[in-house]
Amino acid sequence: MDFNDLQQLVIDYGYLALFIGTYLEGETILVIAGFLAHGGYLQLEWVMLTAFLGTFAGDQTFFYLGRWKGIAFLEKRPLWHSKTDKVFDLLHKHQIPVILGFRFLYGVRNVTPFVIGASKIHPLKFFLLNFLGAGIWAIAVGYLGYTFGQFAESIMGQVKKYEMYILGVLVAIGLALFWRSTHKPETPEE
């Protein structure tokens, strides 16, 4: 999906596109929605709430899939091993910070709720920490997109003239980060 398609998707379907995007992954579409909120296409408060609900629901779903499918499911996916090993190691050392902040950990963000579920962390503990972490993430990343819009306007004056280029750069960065997090080559263990 190219930049214009993604932008048009958010403009056409607004909060629904944002909810689905944050349910499945998140950063790119939330930054775009925050930027579009600055441009008047969406309301920032609704962007943050929708992103919170999407990411919270998605991570709860993947947590319960991890509890249900467990370690055996992970062992059947060799491409996930390096990521899941990192997450298990981080959980062992820093359980609460990992659960609160895994959305900010590029490269392991998508597998983390599944791994947390497979690690048998108590569901109520995950629910509470996930709730708080989802809120922090939705506010921080949504506001980042919105602030970038404000910054661009203050620097360039007439942001309408340049918003497509700025949004294109944001999408390209977001897609590059997403691609990088999902396509890291496996490194041989010594």
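Q: How many salt bridges turn up in this predicted model?
A: The rule asks for a Lys or Arg side-chain nitrogen within 4 Å of an Asp or Glu carboxyl oxygen. Asp 59 and Arg 103 pass at 2.9 Å, N to O, and Asp 89 and Lys 93 pass at 3.3 Å. The count comes to 2 salt bridges.

Q: Where along the chain do Asp 59 and Arg 103 sit, and how many residues apart are they?
A: Their side chains meet in a salt bridge, and the pair links distant parts of the chain. Asp 59 belongs to helix 3 (residues 44–75), while Arg 103 is in the loop between helix 4 (81–101) and helix 5 (112–118). In sequence they are 44 residues apart.

Q: Are Asp 59 and Arg 103 buried or exposed?
A: Buried means under 20% relative accessible area. Asp 59 falls in that class, and so does Arg 103. For this salt-bridge pair the word is buried.

Q: Which helix holds Asp 89 and Lys 93, and what separates them?
A: These two side chains meet in a salt bridge at 3.3 Å, N to O. Both residues are in helix 4, 4 residues apart, so what separates them is about one helical turn.

Q: Is Lys 93 buried or exposed?
A: Over 50% relative accessible area is the mark to beat. Its partner Asp 89, at 37%, counts as partly exposed. Lys 93 has 53% relative accessibility, so the label is exposed.

Q: Which helix gives the largest share of the largest nonpolar core?
A: That core has 20 residues, and those with the most contacts inside it include Val 10, Leu 18 and Trp 137. Helix 1 (3–24), helix 2 (27–38), helix 3 and helix 6 (123–156) each give two or more residues. The largest share, 7 residues, comes from helix 2.

Q: How many residues are in the second, separate core?
A: Val 87, Ile 99, Phe 102 and Ile 116 are among its members. This core is separate, and it has 16 residues.

Q: Is Gly 70 buried or exposed?
A: Gly 70 lies in helix 3. Setting aside residues up to four places away in sequence, Gly 70 touches Leu 65, Phe 114 and Ala 118. Its relative accessibility is 9%, and the cut-off is under 20%, so Gly 70 counts as buried.

Q: How is the aromatic pair of Tyr 23 and Phe 62 arranged: stacked, edge-to-face or tilted?
A: The ring centres are 6.3 Å apart, with 50° between the planes. Stacked needs under 30 degrees and edge-to-face over 60. Tyr 23 lies in helix 1 and Phe 62 in helix 3, so the pair ties together parts 39 residues apart in sequence. Its arrangement is tilted.

Q: What about Phe 52 and Phe 131: how many residues apart are they?
A: This aromatic pair is edge-to-face, at 5.0 Å centre to centre and 85° between the planes. Phe 52 is buried at 12% relative accessibility, whereas Phe 131 is partly exposed at 44%. The pair links helix 3 to helix 6, with its members 79 residues apart.

Q: Which residues do ring pairs link into a cluster?
A: The whole structure has 10 aromatic pairs. Phe 52 and Phe 131 form one of them. The cluster is made of Phe 52, Phe 56, Phe 127 and Phe 131.

Q: Which ring does the charged end of Lys 69 sit over?
A: A Lys charge counts as over a ring if NZ is within 6 Å of the centre and within 35 degrees of the ring normal. The charged end of Lys 69 is 4.3 Å from the ring centre, and the ring belongs to Trp 68.

Terms used. Residues numbered from 1 in each chain as written. Predicted model: local features only at pLDDT ≥ 70, side-chain atom pairs only at ≥ 80, totals over all residues. Heavy atoms only, no water. Buried < 20%, exposed > 50% of the residue type's maximum accessible area, 1.4 Å probe, protein only. Core = buried A, V, L, I, M, F, W, Y, C linked by side-chain atoms within 4.5 Å. Contact = heavy atoms within 4.5 Å. Phe/Tyr/Trp six-rings, centres within 6.5 Å; stacked < 30°, edge-to-face > 60°.
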